[in-house]
Amino acid sequence: MANPEHMEIQQDIENYKTTAGKVSLIDREAKQHMEDYSAGVRHYDKEEYELAIDFLERALKGYYSEDEDCQIMCEGPQRFEEHEYLEYKAGLYEAIADHYMQVLACKHDCVRELATRSGRISPIENFLPLHYDYLQFAYYRVGDYVKALECAKSYLLFHPDDEDVLENAGYYEGLLEGTMDPDTIKPRKEAKALLRRHKLESHLLQVAAAGLGYTYTEPNYWNRYGARQDEHSVPSSISSEPEDGPRLSLAKKPMPKPDRELKEGGPLLYSDVKFVYNSQQLNGTQRVLLDNVISEEQCRELHRVASGIMLAGDGYRGKTSPHTPNERFEGATVLKALKYGYEGRVPLKSARLFYDISEKARRIVESYFMLNSTLYFSYTHLVCRTALSGQQERRNDLSHPIHADNCLLDPEANECWKEPPAYTFRDYSALLYMNADFEGGEFIFTEMDAKTVTASIKPKCGRMISFSSGGENPHGVKAVTKGQRCAVALWFTLDPLYRELERIQADEVIAMLDQEHLGPSEMNINPKDEL
């Protein structure tokens with residue numbers, strides 16, 4: 001859980017799973033109510049609604065049981081962190097108040113605790129209401145309109161202004177007219193009691209914060225946008241509803257508007273660059289495939305400089321096989337290339353080429369995705385993956401496991417957690433390929449399950465794939481089974497606070513070289529354009 005990209009452990013786990021029946025495997029970190037919830041959602045997505053109901057109801061029962069345990073565990077000793085300094089001396093009544101406010105805050109936080117998977121920091125948003133949202137439609141599909149209305153009303157306790165579920169509830173009431181009075185069907189008592197208690201806790205904490213002089217911000221773990229949202233997560237059954245049926249979004253609410261409008265299709269800036277595929281053709285969001293970004297001669301020259309500057313395990317603390325034991329990984333940064341060029345260890349022209357083509361790629365990405373603010377380098381890396389001889393038979397791993405660039409991919413939860421150690425500040429990524437004389441090594445996009453491939457790209461000289469860095473674009477690299485695969489890997493950020501330090505230093509080197517007239521850039525790129 002703490003090292004989701006550790007390939008050897010992943011392989012061990014898969015091997016252990018194949019021995020099921022021979023040994024008993026127990027996940028010591030699993031929370032049963034979450035396991036039941038995940039199973040219910042899987043059956044729901046397969047339109048196995050009766051099974052989905054069984055697991056989701058079991059998950060709800062487990063949730064409320066765990067909530068009781070969580071409340072009890074908060075009754076013990078507490079630490080009031082804001083008052084842990086030498087000058088603070090609480091009187092009797094202050095100490096009592098501090099303690100009980102901490103007990104109350106602990107109990108209030110059970111909502112987050114029960115919605116957080118083992119090994120994760122961030123909770124699943126809207127976790128408890130999602131149970132009722134899934135159930136209201138599942139019950140509708142099995143013909144139990146009373147339960148469907150009950151669950152819809154339970155969901156509306158948390159989000160009374162949800163137009164879709166309000167419409168669903170009205171539709172269920174219409175189905176029940178003539179057989180019973182829909183007003184006699186009430187929200188579930190346990191949901192009503194928990195919500196009433198939660199609101200009271202929130203009120204007491206805010207009053208206490210004002211009276212005792214400390215800061216308290218009420219968290220919102222029941223954001224109605226819920227879990228991960230994308231077109232693949234919407235069950236196909238919804239779109240097939242009859243015209244007079246309910247508009248059931250069923251926990252799959254529209255995405256909240258992003259901080260910036262997502263666009264694509266801007267100019268490529270260079271006449272020799274060839275457009276190949278856009279997002280739609282690559283079956284995803286914010287994706288583009290381009291050819292001829294650099295020439296065959298530039299690929300050869302870049303490959304020559306790579307052989308002179310790359311270091312095994314560069315960028316991975318010297319681990320020569322950071323992703324798979326079946327390949328050797330080598331890399332080098334743009335500053336190292338310029339340093340070697342300045343020292344005469346590689347041709348300066350070749351070293352500068354690395355800098356220039358990465359800047360060319362940055363400009364193309366910024367222009368194509370029509371960004372209204374500057375795109376800065378976050379990290380620039382020249383990388384090669386080499387297949388190790390004698391280790392390719394019966395190989396079933398990847399050269400680089402499926403992942404996202406700015407969040408921790410959690411396929412089982414259908415989530416991508418934007419938290420450390422992920423590089424959460426990265427916004428766009430690009431890979432510029434240098435060669436095709438190897439076997440395997442295709443770049444692949446997948447769905448959130450990290451299994452279903454949505455697009456596969458064969459690298460070749462001058463080809464560049466670029467995409468937004470979030471959970472909407474899980475990706476990886478198939479095994480390189482023969483030869484060496486090289487590329488310039490680029491990550492970008494819209495936040496200048498996270499600019500690559502080595503890139504800033506490289507800009508200074510370029511400026512110094514230009515002042516000394518040691519070879520102006522053939523691409524006529526001003527290194528200060530990105531500032």
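Which cysteine does a disulfide join to Cys 70? Keep that question in mind as you open the structure, which is a predicted model, and select Cys 70 together with Cys 110, because a disulfide, a pair of cysteine sulfur atoms within 2.5 Å, joins these two residues with an S to S distance of 2.0 Å. The pair links distant parts of the chain, with Cys 70 in helix H3 (residues 49-73) and Cys 110 in helix H5 (residues 110-114), 40 residues apart. If you turn the view to look along the S-S bond, the torsion about it is -90 degrees, and the link of Cys 70 and Cys 110 is left-handed.

While both residues are still selected, consider their surroundings: Cys 70 counts as buried because its relative accessible area of 14% falls under the 20% cut-off, and Cys 110 is likewise buried, with a relative accessible area of 0%.

Next, select Cys 74 and Cys 106, which are joined by a disulfide with an S to S distance of 2.0 Å. This pair, too, links distant parts of the chain, since Cys 74 lies in the loop between H3 and helix H4 (92-108), whereas Cys 106 lies in helix H4, and the two are 32 residues apart. The link of Cys 74 and Cys 106 is left-handed, with -70 degrees about the S-S bond.

Are the two ends of this second link buried or partly exposed? Cys 74 is buried, with a relative accessible area of 1%, whereas Cys 106, at 25% relative accessibility, counts as partly exposed, because partly exposed covers values between 20% and 50%.

Now move along the chain to Cys 407 and Cys 416, where a disulfide has an S to S distance of 2.1 Å. Here the torsion about the S-S bond is about 90 degrees, so the disulfide of Cys 407 and Cys 416 is right-handed. Both Cys 407 and Cys 416 are buried.

Before leaving the cysteines, select Cys 151 as well, which counts as buried at 0% relative accessibility.

To finish, widen the selection to every disulfide in the model, and the count comes to five. How are the bonded cysteines paired when they are counted along the chain? The disulfides follow the pattern 1-4, 2-3, 5-9, 6-10, 7-8, which you can trace by stepping through the bonded cysteines one after another in the viewer.

How values were computed. Residues are numbered from 1 along each chain as its sequence is written. This is a predicted model: local features need pLDDT of at least 70, side-chain atom pairs count only at pLDDT 80 or more; totals for chains, interfaces and linings use all residues. Side-chain values use heavy atoms; hydrogens and water are left out. Helices (H or I, at least four residues) and strands (E, at least two) are DSSP runs, numbered from the N terminus. Buried means under 20% relative accessible area, exposed over 50%, partly exposed in between (1.4 Å probe, protein chains only).
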